[in-house]
Amino acid sequence: MISVSTEHDRHVIPNWRSFGSTVSLGELDAYQTVERNFPKVYDIDEYIIDFQINKTTVHASELISAAIANNRLEAKEVEEAAYLILKNSDKVTSLQFDLAKQILSPELLHKQYINHHHEEDLLRYFEDHETRIKDKIKCARDSLKQFNFNPVLYVELSRYYSIIGEEAKSIHAMKIAMHLAKNNRFVFRCATRLFVHYHSEKNDYLEQMQRYLQKTPMVSHDPWLMSAEISLSTLLDRSSKFVKKGIGIIDSKNYAPFSLTELASNIATIEMFHGSRKRSKTLFKEALKAPNDNTLAQVKWALRKDPSLEGSLQVSLDSFDTKKKFEALTYDSYFGRKDFNETLTQAIHWLIDQPFSKDAAMFGSNIAATLVSDQDKAIALVKAGLLSHPDDPGLINNYAYSLSLDNRPDEALDMLNKMKASNIAEETKICLKATRGLALFRTRQHERIEEGRALYQEAISDTKKMNNSNLNWTAIINYAREELIHDSKNAVEIVKLLDMIPSETKNPSIDFLKSDLMGQCLDTMKSLVANSPK
């Protein structure tokens, strides 16, 4: 049966996009609304002077690099340097050209993204995904031969490596960027996301990243970095010393609301877990004054986690002019409107926007396979997920599940037999057991169907023992569907089986699939009665 990665607690981890996309979202803008008394950490005057004297593309690129590394994009010389790069496109790399283009017109590429990545382009988009990423890696490496002190290039290289699952290379490139730009918001937020992405019991990435953040002086007054440190502390099950300071920053009113959005939603989540609902509601309201996509997704998750928040937090996504809110829209269309075609569309956008997101691949493949019945799209999403998460058992399970539903059971069984993953979570083991049962049913061979039936029954029993209602209901529905397909005369017994599931589960997938299958059973029974001998 399908495996879904959506029930875990959500944390306000910085999203990781390209530099140009991050600029267009305004997450590198200055954060104060009043003058602060601390000095700038670094200055870029020497780069400005060099550019004014030389006016070459090399010096223009170095100036842009320095401006990026030190959050000085507002300098007029930076704009001039970007124009020079655009005028000499034949002398610069495509990455340098794109960065200059986005600095001058950050809205342009965002609009292109929205206009050119519709659902119907999904299969074509992911068909050459790995090749395109490898081309970008080559481009970034070539650029670094000439501009080997450019931290943004190393961050971009790290991101590309993460998309194709090259953990060691991705971590190495990011550490170089962190060394070159020790007080930079963009670099450290991207690094936080990367270290969380690759965290496991086999490494101490979270501890490393927390130490990096705690050492940079920027963390004490930059709410974006402060939020990142608090998130890492939460993941490490520790109390952050910056929570109290963060509340002070929020209450000070010295920062623009957009700069505080992630910090406020982060601390609001902590307060929610601690049972301080009044404080949590206040902070979530603060976060919603000017939210980014991360905050909207966090608030929507919090409302599902603690429905008592709904009374004071009315969140209509249409009322927020927030860019790239694909994750929030995915779950909103699923839980709120129960529009599964729209859910799939938004999940596709979410994965294209954040191609290393396992949640986007898992949830999207679930919707495509079970609720939209489009196995081509489900498999495309799973393949994209496996690119950055090779050998992931949940994604492999979903791949085999879609192959089985597409009546390709031998391919599904072959995939399950070759799976190399270890340390598989118990819930995923049960999903794999049931998916093997599905594949055996679809072979249409009597002995193998008997084996598949036994596996489904084991899965149903296992989920009941572990007291996982949603997984138990999913196993029942999948088993019932296969029994009905195998022999429609079983319709009466299948109805009894489906009656084990409550009439209202608050799980849109379960409710829809049970209703649909129950309808098939009733239609079958009517047909059997009508065609029976008089």
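**Exercise 1. The nonpolar cores**

Task: Determine which residues touch the most other members of the largest nonpolar core.

Solution. Step 1: A nonpolar core is a set of buried Ala, Val, Leu, Ile, Met, Phe, Trp, Tyr and Cys residues joined through side-chain atoms within 4.5 Å. Buried means under 20% relative accessible area, exposed means over 50%, and partly exposed lies in between (1.4 Å probe, protein chains only).

Step 2: The largest such core has 98 residues, and Phe 19 and Met 174 touch the most other members.

Step 3: When residues up to four places away in sequence are not counted, Phe 19 touches Leu 28, Ile 68, Leu 73, Leu 99, Ile 103, Val 152, Glu 156 and Phe 186; contact means heavy atoms within 4.5 Å.

Step 4: Another core, of 68 residues, lies apart from the largest one, and its members include Ile 2, Ile 348, Leu 351 and Leu 498.

The structure is a predicted model, in which local features need pLDDT of at least 70 and side-chain atom pairs count only at pLDDT 80 or more, while totals for chains, interfaces and linings use all residues. Residues are numbered from 1 along each chain as its sequence is written, and side-chain values use heavy atoms, with hydrogens and water left out.

**Exercise 2. The two sides of helix H10**

Task: State which residues of H10 are buried and which exposed residues are carried by the face turned away from them.

Solution. Step 1: Helices (H or I, at least four residues) and strands (E, at least two) are DSSP runs, numbered from the N terminus. H10 (residues 167-180) has 14 residues and reaches 20 Å from its first C-alpha to its last, close to the 20 Å expected at 1.5 Å a residue. The expected span is 1.5 Å times one less than the number of residues.

Step 2: The buried residues of H10 are Ser 170, Ile 171, Ala 173, Met 174, Ala 177 and Met 178. They cover an arc of only 165 degrees around the axis, which puts them on the same side of H10; the arc is that of the directions from the helix axis to the C-beta atoms.

Step 3: Ala 168, His 172 and His 179 are exposed on the face turned away from that buried side.

Step 4: Helix H9 (151-163), helix H11 (185-197) and helix H12 (205-215) are among the elements that cover the buried residues of H10.

**Exercise 3. Helix H15 and a partner residue**

Task: Find where the kink in H15 is centred, and which residues Thr 295 contacts.

Solution. Step 1: H15 (residues 257-273) has 17 residues and spans 24 Å between its first and last C-alpha, close to the expected 24 Å.

Step 2: A kink of about 25 degrees is centred on Leu 263. The bend at a residue is the angle between axes fitted to the seven residues ending there and the seven starting there.

Step 3: H15 is mostly covered, with 14 of its 17 residues buried. Just after H15, Gly 275 takes a positive phi of about 85 degrees.

Step 4: Thr 295 is found in helix H17 and is buried, with a relative accessible area of 0%. Leaving aside neighbours within four places in sequence, Thr 295 contacts Thr 261, Glu 262, Ser 265 and Ala 287.

**Exercise 4. Positive phi outside glycine**

Task: Decide whether Lys 324 is buried or exposed, and do likewise for Asn 467.

Solution. Step 1: Most residues other than glycine have a negative phi.

Step 2: Lys 324 is not a glycine, yet has a positive phi of about 55 degrees. Lys 324 lies in the loop between helix H17 (293-305) and helix H18 (326-336) and is buried, with a relative accessible area of 9%.

Step 3: Asn 467, also not a glycine, has a positive phi of about 60 degrees. Asn 467 lies in the loop between helix H25 (446-465) and helix H26 (469-486) and is exposed, with a relative accessible area of 66%.

**Exercise 5. The whole protein**

Task: State how many helices and strands there are in the protein, and what its radius of gyration is.

Solution. Step 1: The protein has 28 helices and 0 strands.

Step 2: Its radius of gyration is 26 Å, close to the 24 Å that the globule rule gives for 534 residues, so the protein is as compact as a globular protein of that length. The radius is taken over C-alpha atoms, and the rule is 2.2 Å times the number of residues to the power 0.38.

Step 3: Buried residues make up 57% of the 534 residues.
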